[in-house]
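Please open the model in your viewer and keep the sequence panel beside it, so that each selection can be followed in both places. The tour goes stop by stop, and at each stop you will be told what to select and what is there.

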Amino acid sequence: FKTRSKMMRALVLVAVLLLVGQAVSQRRPDLGRFVDHIECADGSKPDCQRRPPPICTCADGSRPGLKPPCDDGSFPQCPGACPDGSDAVITPNPLINPPCRQGRLNPTKCACADGTQ
């Protein structure tokens with residue numbers, strides 16, 4: 001079961017990184033897929049209107065965002081993952097704070113500091 005759990009976490013990590021990369025690399029991102037992967041602080045799904053830009057609200061009053069995939073509650077560190085060689089910085093809202101200034105991040109250069117795979 002431990003191996004299956006690690007495998008699932010690795011798949012979630014890759015999915016989040018690919019989603020972030022795709023969302024910020026396009027002028028008009030696929031907002032539907034982005035909205036499907038955000039949640040509120042209490043773990044519930046936000047109420048979203050799927051139109052550019054998406055407007056999402058949480059019943060608990062929190063700001064919706066991507067759930068960090070690392071066990072310690074952080075986002076992966078991505079040294080040199082941007083096309084220009086700079087470090088990508090992943091945040092809960094990559095549409096507002098893109099991980100790279102320009103282009104798509106390379107998710108193979110990202111890893112959780114706590115060793116989550």
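Begin by selecting Cys58, which counts as buried because its relative accessibility is 11%, under the 20% that marks the limit for a buried residue. Bear in mind, as you look, that this is a predicted model.

Now add Cys40 to the selection, and you will find that Cys40 and Cys58 form a disulfide in which the sulfur atoms are 2.1 Å apart. If you follow the torsion about the S-S bond of this pair, the value is about -95 degrees, and the disulfide is therefore left-handed. Cys40 sits in the loop between strand 1 (38-39) and strand 2 (47-49), while Cys58 sits in the loop between strand 3 (55-57) and strand 4 (65-66), so the bond ties together parts that are 18 residues apart in sequence. Cys40 has a relative accessibility of 3%, and it therefore counts as buried.

Next, select Cys48 and Cys56, which are joined by a disulfide with an S to S distance of 2.1 Å. Which hand does the link of Cys48 and Cys56 have? With 120 degrees about the S-S bond, the link is right-handed. Both ends of this link, Cys48 and Cys56, are buried.

For the third stop, move to Cys78 and Cys110, whose sulfur atoms are 2.1 Å apart and form a disulfide. This pair links distant parts of the chain, since Cys78 belongs to strand 5 (residues 77-78) and Cys110 to the segment after strand 6 (88-89), with their positions 32 residues apart. The link of Cys78 and Cys110 is right-handed, with 120 degrees about the S-S bond. Cys78 counts as buried because its relative accessibility is 2%, and Cys110, with a relative accessible area of 11%, is buried as well.

With these pairs still highlighted, consider the whole set: how many disulfides does a search of the whole structure find? The search finds 5 disulfides, and when the bonded cysteines are counted along the chain, the pattern of pairing is 1-4, 2-3, 5-10, 6-9, 7-8.

Select Gly103 next, a residue placed in the segment after strand 6. Is Gly103 buried or partly exposed? Its relative accessible area is 36%, so Gly103 is partly exposed. If you also select Cys82, you can see that the C-alpha atoms of Gly103 and Cys82 are separated by 7.1 Å, although the two residues are 21 residues apart along the chain.

Finally, clear the selection and display the whole protein chain, which has 2 helices and 6 strands. Reading along the sequence, you pass through these elements in the pattern α-α-β-β-β-β-β-β. Of the 117 residues in the chain, 35% are buried, and the chain exposes about 7,500 Å², of which carbon and sulfur atoms supply 53%. Among the contacts with a separation of 6 or more, 49% come from residues that are 24 or more positions apart.

Before you leave, colour the chain by pLDDT, whose mean is 79, with 67% of the residues reaching 70 or more. Then select residues 24-31, where the pLDDT is below 50 and where the stretch has 14 contacts in the model beyond near neighbours in sequence.

Definitions and conventions: Residues are numbered from 1 along each chain as its sequence is written. This is a predicted model: local features need pLDDT of at least 70, side-chain atom pairs count only at pLDDT 80 or more; totals for chains, interfaces and linings use all residues. Side-chain values use heavy atoms; hydrogens and water are left out. A disulfide is a pair of cysteine sulfur atoms within 2.5 Å. Helices (H or I, at least four residues) and strands (E, at least two) are DSSP runs, numbered from the N terminus. Buried means under 20% relative accessible area, exposed over 50%, partly exposed in between (1.4 Å probe, protein chains only). pLDDT is the predictor's confidence in each residue, from 0 to 100. Contact means heavy atoms within 4.5 Å. Accessible areas come from the Shrake-Rupley method with a 1.4 Å probe; for residues, only the protein chains shown count as cover.
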